[in-house]
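Student: I have a structure open on my screen and would like to talk through some of its side chains. Could you take me through them step by step?

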There are 2 protein chains.
Amino acid sequence: MSLKHAILGFLSLSPLTGYDLKKHFDQSVRHFWPANQSQIYRTLAELDAEGLVSKDVIAREDRLDMKVYHLTETGLAELRRWLAAPLPMQETREPLLVQVFFAGQITDAELLSVLRSQLAEAEAVLAALTAIYHQQLEGFPALAAPRSAFFSTLTLEYGLAAYAALGRWLLAAIRRVEAQDYAPAPLPDLIGAQA
Amino acid sequence: MSLKHAILGFLSLSPLTGYDLKKHFDQSVRHFWPANQSQIYRTLAELDAEGLVSKDVIAREDRLDMKVYHLTETGLAELRRWLAAPLPMQETREPLLVQVFFAGQITDAELLSVLRSQLAEAEAVLAALTAIYHQQLEGFPALAAPRSAFFSTLTLEYGLAAYAALGRWLLAAIRRVEAQDYAPAPLPDLIGAQA
DNA sequence: CTGTCCATGTAAGGCGTTACATGATTGT
DNA sequence: ACAATCATGTAACGCCTTACATGGACAG
């Protein structure tokens, strides 16, 4: 379960409240690990019960207490253990592929409309990620990129590569449906082999 | 929820028992929509209650009755409606990216071992998909690919493209960690732009 | 004076997983 | 004799989502 470990990860950088954590998720990892508020509060309580985090309760007059969470030693150890352990093979679910797989039940026109709307979305995400990428380039203009920033850059680059690949696949699919060309694509094109 | 619609999809091709459905899932869509047995039985019961499928009960002496499910008219209509409707933006969870994002807490050596084991897995999946691809080429050798086979081919091609992209990203990441080169990669490389 | 931000949670439901349980038939 | 296949399900738990609920501070 990565949510627990993502929370441990953020807390390893600084102590935070549940509310702060939600903002951190939304600002950095939401593209690959969205988390909602009730989930974060519940998971913090679990981590607390397990002794991986502990909290300082800040009493405030007339308001709910504020709880600032920080890692315990066992929490840090667990985070490091998880980060260094290879992940068990994970299964992905792609509803778009389910739609394509059973597209025999719909017309070419209907399928094209589905594919085109997916393509528009993929291009929008790609544009958004590209904008963030350029922003980061300004922050670390030359060769002065520190190791700490590198990992965030890497996850961004994954997003760029993945959405670009999705876009290319969609575009190729659209063209072939339009041309009613049902032959398989050549392998080198698919896996992006260089000539 | 795509499981319901995947089941409707299979039943649109032929009536099946729960057991048959499980085999169909495992043989064709497991790469992008794994389903387990108890889930299938529960969902069939729900679909039945909703009137999207109905069943013929085949009584057998000394054994449990066999239930063969088939689509109803509303079931087919619902399948077609879902297949033609653009999907709501779906959020993905990538635990590997969580590991990379917080890799500041582990050493280069530990990170490299994680990345290399992911790369080995990605290459294994790519090899498996490539084998299936070649098998399909034999089945439809020339230009005689029918529309019905095309959609299955398309989903396979998606898998090839996605795992190839993952592998390229992992390899690039490994090389940069090894070289302690923390500069961002150039955009055209990332999105696979042609020169 | 209305809405957004800060900050906390609870409740209910959906989807998925793992493990358990049964029992005849077919293959080695 | 033993295992795999056919064929059905139940139980319990885990993770995530949506919606609901509270209430002060501050900005337009």
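Tutor: Happy to! A residue counts as buried under 20% relative accessible area, as exposed over 50%, and as partly exposed in between. Keep in mind that this is a predicted model.

Student: Is Glu46(B) buried, exposed or partly exposed?
Tutor: Its relative accessibility comes to 33%. Buried would need a value under 20% and exposed one over 50%. Glu46(B) therefore counts as partly exposed.

Student: Which side chain does Glu46(B) meet in a salt bridge?
Tutor: The N to O distance of this pair is 3.6 Å, and the cut-off for a salt bridge is 4 Å. The partner counts as buried, as Lys4(B) has 12% relative accessibility. So the side chain that Glu46(B) meets in this salt bridge, with its 12% accessibility, is that of Lys4(B).

Student: How many residues apart in sequence are the parts that Lys4(B) and Glu46(B) tie together?
Tutor: Lys4(B) belongs to helix α1 of chain B, residues 2-13. Glu46(B) sits in helix α3 of chain B, residues 37-49. The pair therefore ties together parts whose separation in sequence is 42 residues.

Student: Which residues are joined into one network by salt bridges that share partners?
Tutor: Here we turn to chain A. The salt bridges share partners, and the network they make joins Lys4(A), Glu46(A) and Glu50(A).

Student: Where do Glu78(A) and Arg81(A) both lie?
Tutor: These two form a salt bridge, with their closest N and O atoms 2.8 Å apart. Arg81(A) is partly exposed, because its relative accessible area is 46%. The two residues are 3 residues apart, about one turn of the helix, and both lie in chain A's helix α4 (residues 73-84).

Student: What is the N to O distance in the salt bridge of Asp48(A) and Lys55(A)?
Tutor: Asp48(A) is partly exposed at 23% relative accessible area, and Lys55(A) is partly exposed at 32%. Their side chains meet with an N to O distance of 2.7 Å.

Student: Is Gln99(A) buried or exposed?
Tutor: Gln99(A) is part of helix α5 of chain A, residues 95-101. Its relative accessible area is 2%, and the limit for this class is under 20%. So Gln99(A) is buried.

Student: Which backbone oxygen does the side chain of Gln99(A) reach?
Tutor: Leaving aside residues up to four places away in sequence, Gln99(A) touches several residues, including Val114(A), Leu83(B) and Leu87(B). At 3.0 Å, its side chain reaches the backbone oxygen of Trp82(B).

Key:
Residues are numbered from 1 along each chain as its sequence is written. Chains are lettered from A and ligands numbered from 1 in the order in which they are written. This is a predicted model: local features need pLDDT of at least 70, side-chain atom pairs count only at pLDDT 80 or more; totals for chains, interfaces and linings use all residues. Side-chain values use heavy atoms; hydrogens and water are left out. Helices (H or I, at least four residues) and strands (E, at least two) are DSSP runs, numbered from the N terminus. Buried means under 20% relative accessible area, exposed over 50%, partly exposed in between (1.4 Å probe, protein chains only). A polar contact is a pair of N or O atoms within 3.5 Å; within protein, one must be able to donate a hydrogen and the other to accept it, and residues adjacent in sequence count only if both atoms are side-chain atoms. Contact means heavy atoms within 4.5 Å.
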